[in-house]
Amino acid sequence: MHVIDAVRDLGHSNKTVKVSDISVYLNVTRPSITKLVNEPEKMDVVQKIPDEEDGRGIRVRQTSGCVETH
């Protein structure tokens, strides 16, 4: 669950993280990260949120389910 670890490490206290930041952190392409984020989202451990600063971007944050299971 490297994506969840990246969100935790980059997010610090449930802040949102850009998908592009996760991509750089894990050294994986953005399209790959987008696919990798979908699985933990289905498990309700992360939540995708539209980026308010960049309408095309997506931000990710941990959910309370992530804190309980991880």
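## Core, helices and sheet of a predicted model

User: Which residues make up the largest nonpolar core?

Analyst: Happy to walk through this one; keep in mind that the model is predicted. As general background, nonpolar side chains tend to be buried together in soluble globular proteins. Here the largest nonpolar core has twelve residues: Val3, Ile4, Ala6, Val7, Val17, Val19, Ile22, Ile33, Val37, Val45, Val46 and Val60.

User: Which element gives the largest share of this core?

Analyst: The elements that give two or more residues to the core are H1, helix H2 (19-26) and H3. The largest share is four residues, and the element that gives them is H1.

User: Where do the buried residues of H1 lie around its axis?

Analyst: Helix H1 covers residues 2-11, and its buried residues are Val3, Ile4, Ala6, Val7 and Gly11. Around the axis they cover an arc of only 160°, so they lie on the same side of H1.

User: How do H1 and H2 pack, roughly parallel or roughly perpendicular?

Analyst: The axes of H1 and H2 are 10 Å apart, at an angle of about 110°. Angles of 65 to 115 degrees count as roughly perpendicular. That makes the arrangement of H1 and H2 roughly perpendicular.

User: Which residues of H2 make the contact with H1?

Analyst: From H1, the contact is made by His2, Val3, Ala6, Val7, Asp9 and Leu10. Their counterparts on the H2 side are Asp21, Ile22, Tyr25 and Leu26.

User: Within what arc do the buried residues of H2 fall?

Analyst: The buried residues in H2 are Val19, Ile22 and Ser23. They pack against H1, E1, H3 and E3. Seen down the axis of H2, they line one face of the helix, because they fall within an arc of 105°.

User: Is Asn27, which follows H2, buried or exposed?

Analyst: Asn27 lies in the loop between H2 and H3. Its phi is near 55°, a positive value in a residue other than glycine. The cut-off for exposed is over 50% relative accessible area. With a relative accessibility of 71%, Asn27 therefore counts as exposed.

User: And Asp44: is it exposed or partly exposed?

Analyst: Asp44 is found in the loop between H3 and E2. Its phi is positive too, near 60°, again in a residue other than glycine. Its relative accessibility is 48%, so Asp44 counts as partly exposed.

User: Which strands are the edge strands of the sheet?

Analyst: The sheet is open, with three strands in the order E1-E3-E2 and antiparallel pairing. An edge strand pairs on one side only, and that holds for strand E1 (17-18) and strand E2 (46-50).

User: In E3, which residue is the bridge partner of Ile49?

Analyst: E2 and strand E3 (residues 58-62) pair in the antiparallel sense over five bridges. The bridge partner of Ile49 in E3 is Arg59.

User: At about what angle to E2 does H3 run?

Analyst: Helix H3 is made of residues 30-42 and lies across E2 and E3. Its angle to E2 is about 120°.

User: Leaving aside its neighbours within four places in sequence, which residues is Val60 in contact with?

Analyst: Val60 is one of the residues of the largest nonpolar core. Leaving aside neighbours within four places in sequence, its contacts are Val7, Lys15, Thr16, Val17, Val19, Ile22, Val37, Val46, Gln47 and Lys48.

Definitions and conventions. Residues are numbered from 1 along each chain as its sequence is written. This is a predicted model: local features need pLDDT of at least 70, side-chain atom pairs count only at pLDDT 80 or more; totals for chains, interfaces and linings use all residues. Side-chain values use heavy atoms; hydrogens and water are left out. Buried means under 20% relative accessible area, exposed over 50%, partly exposed in between (1.4 Å probe, protein chains only). The arc is that of the directions from the helix axis to the C-beta atoms. Two strands pair if DSSP finds at least two bridges between them. Contact means heavy atoms within 4.5 Å. Axes are lines fitted to C-alpha atoms, for helices over the stretch in contact, and angles run from 0 to 180 degrees between N-to-C directions. A nonpolar core is a set of buried Ala, Val, Leu, Ile, Met, Phe, Trp, Tyr and Cys residues joined through side-chain atoms within 4.5 Å. Angles under 35 degrees count as roughly parallel, over 145 as roughly antiparallel, 65 to 115 as roughly perpendicular and the rest as oblique.
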